[in-house]
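Good morning, and thank you for attending. Today I shall present one structure and follow a simple path through it. Please look at the screen.

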Amino acid sequence: MNKIPETINVISFDLDDTLWPCMQTIMHAEEQLMQWLASRARQLTEAHTIHSLREHRRELARQEPAIAHDLNLLREIQLRQLLQEFDHDPGIAAEAVDYFQEFRNLVEPYPDVIPSLTRLKTDYTLVSVTNGTTELDKTPLKGIFHHSLNARQVGHAKPHPAIFERVVEITGSNPDQILHIGDDPLRDVESARNFGLRTLWLNRHEMPWPDEIERAEIEITSLSELQE
Ligand SMILES: [Mg+2]
């Protein structure tokens, strides 16, 4: 059953791996950042790899749970610490994050995305809800969503319900009038359902559903399967 329930008037969308493949974009942005740092912070880039910086950032997030949802702040604090540690100017950390972000915005939506969202936009209020840092206005999806929310703005990352609470507030809809579409069983399906939203699992790579989580109401492998 691929039909959007009749009572739905708002559709919220996860972004990373739901509307575009995410890892290749982040990988490219991190490579660009390393090159940028190589000419400004040689000791740091000689001592670290993309992988070790990720590990270090994960550790920082564990130590600082209050900012773990704010990925660019985490990246900036990390760089400031490491620049200092390797006797470089810690003042370039913010500029480094801005540089990374330019490349983080270079996402390429899956081919079904723009046609489907353009069609849905005329009948539903569309809201994007992401834990990531992509600036939609700088992507090919500029102008498609009525509202866009991210973890930094709401102060928590999914699966925390804060972002769904905010969708309810800004659209004035009841949770059960909102359909949430995402790729992640826990962060999208389970967390949206826990807040009372209807749920759709977009399973683009035909992954097995994890046994310990209740399945989504609707499951599709491409947005073009969705019927109004
Ligand atoms: Mg996702």
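The protein chain is divided into two domains: domain 1 covers 10-21 + 107-225, and domain 2 covers 23-104. Please keep in mind throughout that this is a predicted model.

Let us begin with the arrangement of the domains. The C-alpha centres of domain 1 and domain 2 lie 28 Å apart. Where the two domains touch, domain 1 contributes 13 residues to the contact, and domain 2 contributes nine residues.

How much area do domain 1 and domain 2 bury between them? The value is about 940 Å², and 45% of it lies on carbon and sulfur atoms. On the side of domain 1, three residues deserve your attention, namely P21, T133 and R152. Together they supply 48% of the area that domain 1 buries against domain 2, which is more than any other three residues supply.

I turn next to the polar side of this interface. Between domain 1 and domain 2 the count is one salt bridge. As for salt bridges, R104 forms one with D16, and their closest N and O atoms are 2.8 Å apart. Across the interface of domain 1 and domain 2, four residue pairs are found in polar contact. If we sort by class the residues of domain 1 that touch domain 2, we find four nonpolar, six polar and three charged residues.

Finally, let us consider the aromatic residues. How many aromatic pairs does a search of the whole structure find? The search finds four. One aromatic cluster is formed by W36, Y99 and F103.

W36 also appears in another setting: the charged end of R40 sits over the ring of W36, at 4.0 Å from the centre of that ring. A second arrangement of this kind involves R75, whose charged end sits over the ring of F100, 3.6 Å from the ring centre.

To close, I would ask you to return to the interface on the screen and to find R104 and D16, the two partners of a salt bridge. Thank you for your attention.

Key: Residues are numbered from 1 along each chain as its sequence is written. This is a predicted model: local features need pLDDT of at least 70, side-chain atom pairs count only at pLDDT 80 or more; totals for chains, interfaces and linings use all residues. Side-chain values use heavy atoms; hydrogens and water are left out. Domain bounds come from an automatic or database domain assignment. Contact means heavy atoms within 4.5 Å. Buried area is the accessible area (1.4 Å probe) that two parts lose on being put together, summed over both. A salt bridge is a side-chain nitrogen of Lys or Arg within 4 Å of a carboxyl oxygen of Asp or Glu. A polar contact is a pair of N or O atoms within 3.5 Å; within protein, one must be able to donate a hydrogen and the other to accept it, and residues adjacent in sequence count only if both atoms are side-chain atoms. Ala, Val, Leu, Ile, Met, Phe, Trp, Tyr, Cys and Pro count as nonpolar, Asp, Glu, Lys and Arg as charged, and the others, Gly among them, as polar. Rings of Phe, Tyr and Trp (its six-membered ring) pair if their centres lie within 6.5 Å; planes under 30 degrees apart count as stacked, over 60 as edge-to-face and the rest as tilted. A charge sits over a ring if NZ of Lys or CZ of Arg is within 6 Å of the ring centre and within 35 degrees of the ring normal.
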